[in-house]
Amino acid sequence: MASTAIGLGNCWEPVAVVLVSSGSRGRKLLFYHSGKTRDRVAKVQDVLSALGSILPEILAPSLKLVGQKFELIIDEWKFVGHPYTISALLPGSVNATIVFNVVFVLESYCSQEIVHAYDHLCHLIGSAIIHEELKCNFFSHQAMLIIQLLEETDLSQVNWDKILQESSLAQVLHSVLCSLQDGNKHVMIKINGWTEVNVLMKDPSQIKTTPASISTSIRSCSALLLLDTCDFVLASLPSSCNPALHRLIRAISPLKSLRNLALDADIPLSQVLQFASHLVNWGKALVIYPLSESNIYIASPSAVTSINSQLAAEFANCCAEVTLPELLQRFSLPVSLGDVKRFDNRMINIVIWLLQHKQIVQLHTYIYCIPFLLEKELTRLEDVILSDTGDSSIDASGNAMYCFSEEILKQSQFHDASDHEERFLFERVLKYFTGCHHLEEIMLLENIPRNQLLTLIDKFSDILATCLLPELSRD
């Protein structure tokens with residue numbers, strides 16, 4: 001199975017897919033399809049019509065260009081492929097070396113990251129086709145079938161939909177095209193129903209993202225949110241994947257933490273965390289915190305507010321009672337799910353939809369300790385921070401804060417409180433009150449109930465400040 005991740009920039013959706021070949025019978029256009037109806041599709045069809053019979057001459061390169069990136073700009077369109085050569089069985093039982101090239105049509109101003117991504121995609125598809133050709137003459141049979149259909153009509157009058165119905169290779173290429181046009185960045189196909197091609201196409205900002213790097217941001221208190229239906233995600237998995245992953249996906253719920261998910265699916269927590277990082281890396285799931293009435297959300301800065309947008313039309317199919325802009329207006333200020341009107345199963349489903357489409361973001365409570373320290377104490381505090389050797393879970397300023405817990409407690413109106421247990425708890429969590437750890441994270445790290453932590457923060461509010469922020473990056 002070929003599996004990889006490639007970087008993409010803007011305007012990455014392909015306009016069309018083309019399959020051409022070159023051999024003893026000349027250069028031939030074996031398949032072309034523009035996928036779904038779009039305004040720009042009509043334009044590229046005009047280009048293809050104008051090029052006519054010379055299109056195979058242009059896209060089927062010579063042997064010198066085999067095995068490397070193929071890139072050609074014609075007017076406002078860019079053709080990207082990766083030609084291969086194979087020894088195929090052509091009509092008449094003649095073995096011949098032919099060149100084939102799977103080409104995607106992109107917009108000419110697309111970035112080199114996009115070109116590189118589609119070159120690699122074509123490379124993987126071509127490698128899989130060669131593997132099937134060596135195994136069972138797959139490409140030879142498909143080429144003969146298509147050539148026979150082409151010979152029944154003129155090139156200008158070819159019914160590509162008929163070829164799509166008859167050719168399994170054409171069907172695979174068409175499915176890749178439509179999947180990418182739908183915005184799906186995880187391409188998973190099988191050539192000849194056997195050889196898998198698994199490509200994750202990412203934005204440039206995510207190029208360095210790997211399961212290992214993702215796993216550092218996933219905690220047992222986190223939850224998983226599937227970006228599609230359970231059945232669709234299961235169907236898109238490689239046939240060789242671990243059966244435990246199937247059990248996990250069936251048990252996933254945005255209401256369950258990964259710790260509870262591990263218990264329900266009877267899978268070790270360490271393995272659940274690994275599975276979660278892979279699902280996120282494949283673009284199949286998002287890491288969130290379990291939905292509860294205490295969660296606070298706000299509209300995303302990139303939220304779609306146009307009433308005529310495609311996303312608004314999709315939302316209308318899910319909820320006819322309110323439009324997407326009207327719903328987002330409810331999240332224009334931070335709001336807890338408990339305060340949202342009619343917090344029932346239907347509202348949960350709507351919030352899940354908003355999270356899946358990244359229209360809202362969760363805000364977390366970060367705590368800052370702001371004591372008044374004398375100049376001498378501030379100098380000592382700076383020295384402690386500078387000399388700190390570092391800790392993987394607590395930053396240097398947190399260690400320094402802990403060293404000055406006595407001085408800080410003296411400034412609180414509760415410094416002489418008789419509740420020694422509460423005083424001990426404050427000293428225990430003081431190291432987290434630097435604005436680097438949010439409430440849920442502190443609860444996990446110290447195994448403290450939410451109510452107990454909130455009561456503590458309220459009691460020492462004269463030296464503590466809180467603010468609501470999206471989860472801070474750990475990079």
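**Exercise 1. Determine which way the side chains of strand S5 point and whether its residues are buried or exposed.**

Step 1. From S5, the residues Trp77, Phe79 and Gly81 point one way while Lys78 and Val80 point the other way, and all are buried, where buried means under 20% relative accessible area, exposed over 50%, and partly exposed in between, with a 1.4 Å probe and protein chains only. In a regular strand the side chains alternate between the two faces of the sheet.

Step 2. Strand S5 covers residues 77-81, and five of its five residues are buried; strands (E, at least two residues) and helices (H or I, at least four) are DSSP runs, numbered from the N terminus. The model is a predicted one, in which local features need pLDDT of at least 70 and side-chain atom pairs count only at pLDDT 80 or more, while totals for chains, interfaces and linings use all residues. Residues are numbered from 1 along each chain as its sequence is written, and side-chain values use heavy atoms, with hydrogens and water left out.

Step 3. Strand S4 (residues 70-74) pairs with S5 in the antiparallel sense over five bridges, pairing being assigned if DSSP finds at least two bridges between two strands. Glu71 has Val80 in S5 as its bridge partner, and in the hairpin of S4 and S5, with two residues between the strands, Asp75 takes a positive phi near 55°.

**Exercise 2. Describe the surroundings of strand S2, including Ser21.**

Step 1. Strand S2 spans residues 16-23, and seven of its eight residues are buried. S2 runs antiparallel to strand S3 (residues 26-33), to which seven bridges join it, and the two strands form a hairpin with two residues between them. Leu19 stands opposite Phe31 in S3.

Step 2. Ser21 lies in S2 and counts as buried at 9% relative accessibility. Apart from neighbours within four places in sequence, Ser21 is in contact with Gly26, Arg27, Lys28, Leu30, Ala60, Val99 and Phe100, contact meaning heavy atoms within 4.5 Å.

Step 3. Val15 belongs to the loop between strand S1 (2-7) and S2, and is buried with a relative accessible area of 1%. The C-alpha atoms of Val15 and Glu107 are separated by 7.6 Å, although the two residues are 92 apart along the chain.

**Exercise 3. Classify the ring pair of Phe426 and Phe460.**

Step 1. A pair of aromatic rings is described by the distance of the centres and the angle of the planes. Rings of Phe, Tyr and Trp (its six-membered ring) pair if their centres lie within 6.5 Å, and planes under 30 degrees apart count as stacked, over 60 as edge-to-face and the rest as tilted. By this rule there are eight aromatic pairs.

Step 2. The ring centres of Phe426 and Phe460 are 4.2 Å apart and the planes stand at 25°, so this pair is stacked. Phe426 is in helix H18 (residues 420-429), whereas Phe460 is in the loop between helix H20 (450-459) and strand S16 (464-470), 34 residues apart, and the pair thus links distant parts of the chain. Both Phe426 and Phe460 are buried.

**Exercise 4. Give the arrangement of helices H3 and H4.**

Step 1. The axes of H3 (residues 112-136) and H4 (residues 138-150) come within 6 Å and cross at roughly 95°; axes are lines fitted to C-alpha atoms, for helices over the stretch in contact, with angles from 0 to 180 degrees between N-to-C directions.

Step 2. H3 and H4 are therefore roughly perpendicular to each other, a class that takes angles of 65 to 115 degrees, whereas under 35 is roughly parallel, over 145 roughly antiparallel and the rest oblique.
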